[in-house]
Amino acid sequence: MGHNHSHDHADNNRTRLAWAFCITASILIAEIIGAIATNSLALLVDAAHMLTDAAGLLLALTAANLIMRKATVKRTWGFRRAEVLSATVQSALLLAVGIYAAVDAVQRLFEPPEVQPAGLLIFGIVGLLGNVASMWIIFGGKNNNLNMRAAFLEVVNDALGSVAVIIAALVITYTGWMRADSIAALLISALIVPRALSLLKETTHILLESTPRGLDLNAVRDHLEGQQGVIAVHDLHASQIASNLPVLTAHVVVKDEMFDADAAGGLLRNLQQCVAAHFEVSIEHSTFQIEPESHRSSELNTQC
């Protein structure tokens with residue numbers, strides 16, 4: 001049942017991403033034409049943003065397909081980490097676009113070019129409608145994994161960028177203040193950069209195999225050492241392969257009589273149940289090396 005549920009999620013994710021990619025690619029073409037026709041930096045920046053989003057959604061779709069592949073002896077976790085790599089690339093692209101937009105917008109503030117507000121308004125509305133459609137499509141799966149979260153973040157940023165373009169067009173129409181276009185580009189970059197940095201921080205955290213957020217390894221150690229027959233826990237490591245896939249390994253030193261009484265098997269089950277159910281972060285993939293007290297090694301001197 002769990003496998004089927006996961007498989008259904010993956011299929012739904014792929015369908016959502018495929019539709020969102022098609023919509024985003026269509027808006028991208030329209031915005032490139034609009035940016036050339038209206039001479040708008042805000043629309044051009046939004047089109048560049050849309051280009052990275054289209055590439056990001058294509059990466060996300062590719063990752064969603066890779067995740068479906070079965071594990072092999074060569075890749076024992078399959079391609080589960082593909083979603084993290086995809087989200088990392090997407091966030092890096094978003095960050096690059098945000099920085100470019102800010103620099104170019106500041107330059108244009110001093111020498112604002114002539115912008116055609118009517119065309120800017122039309123393409124801004126077209127972009128917003130398409131972004132809202134993509135948001136609606138992806139919304140249901142945005143919490144499934146980092147890959148989907150990155151994709152949803154991109155279309156949300158696109159929608160906010162389109163709103164900024166529309167506001168700039170209205171300001172230019174009614175006031176003639178051409179710098180509104182550059183201000184809109186700055187606002188778009190201000191929306192992009194913090195979100196890109198936040199996502200990049202989270203994906204880097206996973207790639208560096210840091211302890212999963214919300215898991216206190218000291219509390220885990222104390223709880224495991226509180227189990228009957230356990231003397232000490234060392235070489236305790238926890239990391240994350242992908243979204244919702246934390247793993248844990250540890251060496252557990254137990255009293256010699258635990259082996260004499262053939263109780264080691266029961267203890268192993270208890271340890272696995274502890275890390276799977278006792279903590280806020282449920283770890284279903286755990287590996288414990290049970291060591292008798294008489295076999296304690298120098299590894300005990302290395303605390304992790």
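Let's start with Thr24, which sits in helix H1, a stretch covering residues 2–38. Keep in mind that you're looking at a predicted model. Is Thr24 buried or exposed? Its relative accessibility is 0%, and buried means under 20%, so Thr24 counts as buried. Who keeps it company in there? Setting aside neighbours within four places in sequence, Thr24 is in contact with Met50, Asp53, Ala54, Leu57, Ser134, Val155 and Asp158.

How far should you trust the picture? The mean pLDDT of the protein chain is 80, with 88% of its residues reaching 70 or more. Be careful with residues 1–5, though: pLDDT stays under 50 there, and the model gives them zero contacts beyond four places in sequence.

Now travel along the chain to helix H6, residues 179–207, where you can try a little arithmetic. With 29 residues at 1.5 Å a residue, H6 should span 42 Å, and its end C-alpha atoms are indeed 42 Å apart, so the two agree. After H6 comes Glu209, which has a positive phi, near 55°.

Next up is the sheet. It's an open one, built from three strands in the order S1-S2-S3, with mixed pairing. Strand S1 (230–242) and strand S3 (285–292) are the edge strands, each pairing on one side only. From one strand to the next, the twist averages 10°. Helix H7 (residues 217–225) packs on this sheet and touches S1, S2 and S3, with its direction making about 140° with that of S1.

Zoom in on S1 and strand S2 (residues 245–254): they run antiparallel and are joined by nine bridges. If you want a pair to look for, find His234, whose bridge partner in S2 is His251.

So what about the greasy parts? The largest nonpolar core has 22 residues, and the ones with the most contacts inside it are Leu215, Val220, Leu224, Leu248, Val252 and Phe288. At least two residues of this core come from each of H7, S1, S2, helix H9 (264–277) and S3. Take Leu248 as an example: leaving out neighbours within four places in sequence, its contacts include Val220, Leu236, Val275, Ile283 and Phe288. Polar residues turn up among the contacts of Leu248 as well, including Ser286 and Thr287.

That isn't the end of the story, as another core lies apart from this one. This other core has 21 residues, among them Ala35, Leu43, Ile188 and Ala196. Looking back at the elements you've already met, Ile188 and Ala196 fall within the residues of H6, while Ala35 falls within those of H1.

How values were computed. Residues numbered from 1 in each chain as written. Predicted model: local features only at pLDDT ≥ 70, side-chain atom pairs only at ≥ 80, totals over all residues. Heavy atoms only, no water. Helix = DSSP H or I, 4+ residues; strand = E, 2+ residues; numbered from the N terminus. Expected span 1.5 Å × (residues − 1). Pairing = 2+ DSSP bridges. Axes fitted to C-alpha atoms, helices over the stretch in contact; angles between N-to-C directions. Contact = heavy atoms within 4.5 Å. Core = buried A, V, L, I, M, F, W, Y, C linked by side-chain atoms within 4.5 Å. Buried < 20%, exposed > 50% of the residue type's maximum accessible area, 1.4 Å probe, protein only. pLDDT = per-residue confidence, 0-100.
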